[in-house]
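These are notes on the strand and helix arrangement, set out point by point. Please read them with the structure open.

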Amino acid sequence: MPPPSNDPFAGDNATGAEAAATSGPSSSGADRREAQDVNQLRQGSGSSEATPLITANGGPAPATASRGSGSVVAAPPEQQSSTSMCKVVLMLACTMAIALAAGIAASPFILSKVGGLSKAGSEQENPGGGSAEEVKSTTSSAFLTPVASAIKPLISAGGGDEVTDARGEVQDYLTFDGDYDSIISQGKSQFLDECSQRLAPLQCLDVRAGSIVVQVAGLASVITQVREALDKVGLSLPGFPQLKVVPSTSGKASTKAVTTAKPKSTTPETTGIALTSTITTTLSDTGTTSSKTQTATLTTSTNPFPPGPFECKSDISFKAAKMMDKKGMALDDTTMAGCPSLINVNWPHTKENISSLRLFKSWDEGWSTTLDRKYVWKQLRDYVWRNNVKVLYGTMISCSEEQDDQDWQYVRELMKYIGSAMIITSDQGCPPEYAMGLAVGNEVELIQYKPNISRKCVDGMFSGGYFFQKLASRADDLLDLEGFEDIPLTTVMGGYVLAGNPFINTKECGALAFLKRVVERFAGRWVFTWNVYPYFTPEFQMDQGIFHSCNQAMMKAVNFAIPSQLPTMLRDFRARMKAITGQDDDIMWLGETGWSYPMATTLNTAMRNCKPWSTVEMLELYYQNFLEWDLSLGPNVMGVDHAFYFSFRDSQNFGAHEGFGLETDCSSTHCKIQEE
């Protein structure tokens, strides 16, 4: 615990925002209502005349924890009925005349929806695009291990370790013949490291006596494959004698395995053309004078679209994605804590690789998960290494310095564990970089509206200098992390800061003074990052007239054409950035955007009364338009340098369910968006 003299919040009973968010779905009705109101603050109005919003009773609006930082969702709420796509398209078509007046109808995105969705069409039998032979020829080149190792993985990197049965995580035991004390006891850590590399993608969690009992975690199908392979030749590690499996442990994964994500089915599902793929397991036993190789094969029926360790299944594909090297996914807590091996390799409904991830935090002791931190980090590191993914790390700022410092400790450990770049020899060119930047705090400007926050915390955050001091301290700490010394720095803010000119600058939220200070301190290293959610925009109202429709709001919200909501707000942000720096080309990232289906319980605008607003059809329109967006903001305006979409799976925001995931939960094998 830091000494009182160094803790601006010493003596406070308030807890950090992220800690409060882990309280689960048992929040009171009042808490849930407060959580809804804060989204109006988060979005602002996008206008220079925007004013802060408060709750109806004049009291502090609530705090929701930052999106992606809430409790893990064990199961989604009951799905609400959706309006059919033809109804939504009909409404959009009927409002084209209105849109023409606003200049929106010129958007190719909305026109494409009125003219017909980009379905799999003639390629529906093979939604992956390309022939079955092309799918068969997929090699392990996409999954090359970044660091040369003396240990050859038991399952080849290009095999189907998560292709055929990508369901949930289990923990099980492998028992080997041998004396634990003489073989393992003095080298347990080394054994677990070598074992994890050898049995990848499984993780060796623990080893104990009783012969030699190894606790492993991973997909049940992979455990079965590894067990069958070990039965043939045993376990060979560089630093230990050859170990043979005790026969009684052979067979399928134990029925006593701890399941963390319940599968919907125990058999692989297929759509389109069923493709027979062969997974080859190579095992090597080296003797004193010769070596031999045995090969075991497993044939399974898999879905050929899209290739990769895990992809949700759908009969819809989007083929006009643009600027995908400058787009990434924000990693929700449901996926991070519940099924880290099921992070999509490709953008859902496309053949485009995901090239960047935004992490809200590295670990939370309050997560409801049976997986341990070492295993989760191992899966995340494997994903980053195999797919050359860049990571925007996030660390929290709250009213608890102790919790903030513990969170930062986890972030630094994860940074070192993943590394800043691939370690390769000089003749292989420049190594891929894994560190995109560090975000210190997420929507800290709203901390004043979080429940049970003390006045001392609010006054100390901006006016008292706590926020800036912590950011500067984190930057100083990076100097001791090799490879991270000069990575970009940012904080993520939302539409609330537009309530001043150029930004709000009150005692409770001194965003303007803070941004001026960080720009002066970090100059070109600083990145402006904004969260923009048209879904939550408070200015949208129901249409005038007797029909009580919401067509105009839908057109402006779901569209990415220049006059629409998201580009308009980002242009406003860029103009206000220039007022601070005097530059037209400051680096600007979109920290989050997305669309919720089913309706987010935190939605508290007039659009709660718009029945089509939170349907899967609107999710489809918004996601497709995001993919097809070229990141431009209009003529003579610098576009967005990088944009993140939220998220893989539904999650909770301060205990309130939100449906921003493209998949429902860890047990889902299908994407939400389907033709039928």
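Which residue in S11 is the bridge partner of Tyr 393?

1. The model is predicted. In it, the bridge partner of Tyr 393 in S11 is Leu 438. The pairing behind this contact is between strand S10 (residues 390–395) and S11, which run in the parallel sense over 5 bridges.

2. Leu 438 also has a partner in S12, where Leu 489 stands opposite. S11 and strand S12 (residues 489–493) run parallel and are joined by 3 bridges. Leu 438 is thus a useful place to start when tracing S11, with Tyr 393 as a bridge partner and Leu 489 opposite in S12.

3. Burial of S11 should be noted alongside its pairing. Strand S11 (residues 435–442) has 8 of its 8 residues buried, so the strand is largely enclosed by the rest of the structure. Buried here means under 20% relative accessible area.

4. The wider setting is a closed barrel of 8 strands, in the order S8-S9-S10-S11-S12-S13-S14-S15, with parallel pairing. Direction ignored, neighbouring strands of this sheet are turned by 25° against each other on average.

5. Elsewhere in the barrel, strand S8 (residues 327–331) pairs with strand S9 (residues 356–359) in the parallel sense, over 3 bridges. Met 329 stands opposite Leu 357 in S9.

6. Two helices that lie across strands of the barrel deserve a line each. Helix H17 (residues 565–581) lies across strand S13 (526–531) and strand S14 (588–592), and its direction is at about 135° to S14. Helix H18 (residues 616–628) lies across S8 and strand S15 (642–645), running at about 155° to S15.

7. Next, a helix pair. The axes of helix H11 (residues 373–387) and helix H12 (residues 401–418) come within 10 Å and cross at roughly 45°. Angles from 35 to 65 degrees fall outside the roughly parallel and roughly perpendicular ranges, and H11 and H12 are therefore oblique to each other. The crossing of H11 past H12 is right-handed.

8. Which residues make the contact between H11 and H12? From H11 come Arg 373, Trp 377, Lys 378, Leu 380, Arg 381, Val 384 and Trp 385, and they meet Tyr 410, Glu 413, Leu 414, Tyr 417 and Ile 418 in H12. By class, this contact of H11 with H12 has 8 nonpolar and 4 charged residues, and no polar ones.

Methods:
Residues numbered from 1 in each chain as written. Predicted model: local features only at pLDDT ≥ 70, side-chain atom pairs only at ≥ 80, totals over all residues. Heavy atoms only, no water. Axes fitted to C-alpha atoms, helices over the stretch in contact; angles between N-to-C directions. Helix = DSSP H or I, 4+ residues; strand = E, 2+ residues; numbered from the N terminus. Parallel < 35°, antiparallel > 145°, perpendicular 65-115°, else oblique. Left-handed = near helix turned anticlockwise from the far one by under 90°. Contact = heavy atoms within 4.5 Å. Nonpolar A, V, L, I, M, F, W, Y, C, P; charged D, E, K, R; others polar. Pairing = 2+ DSSP bridges. Buried < 20%, exposed > 50% of the residue type's maximum accessible area, 1.4 Å probe, protein only.
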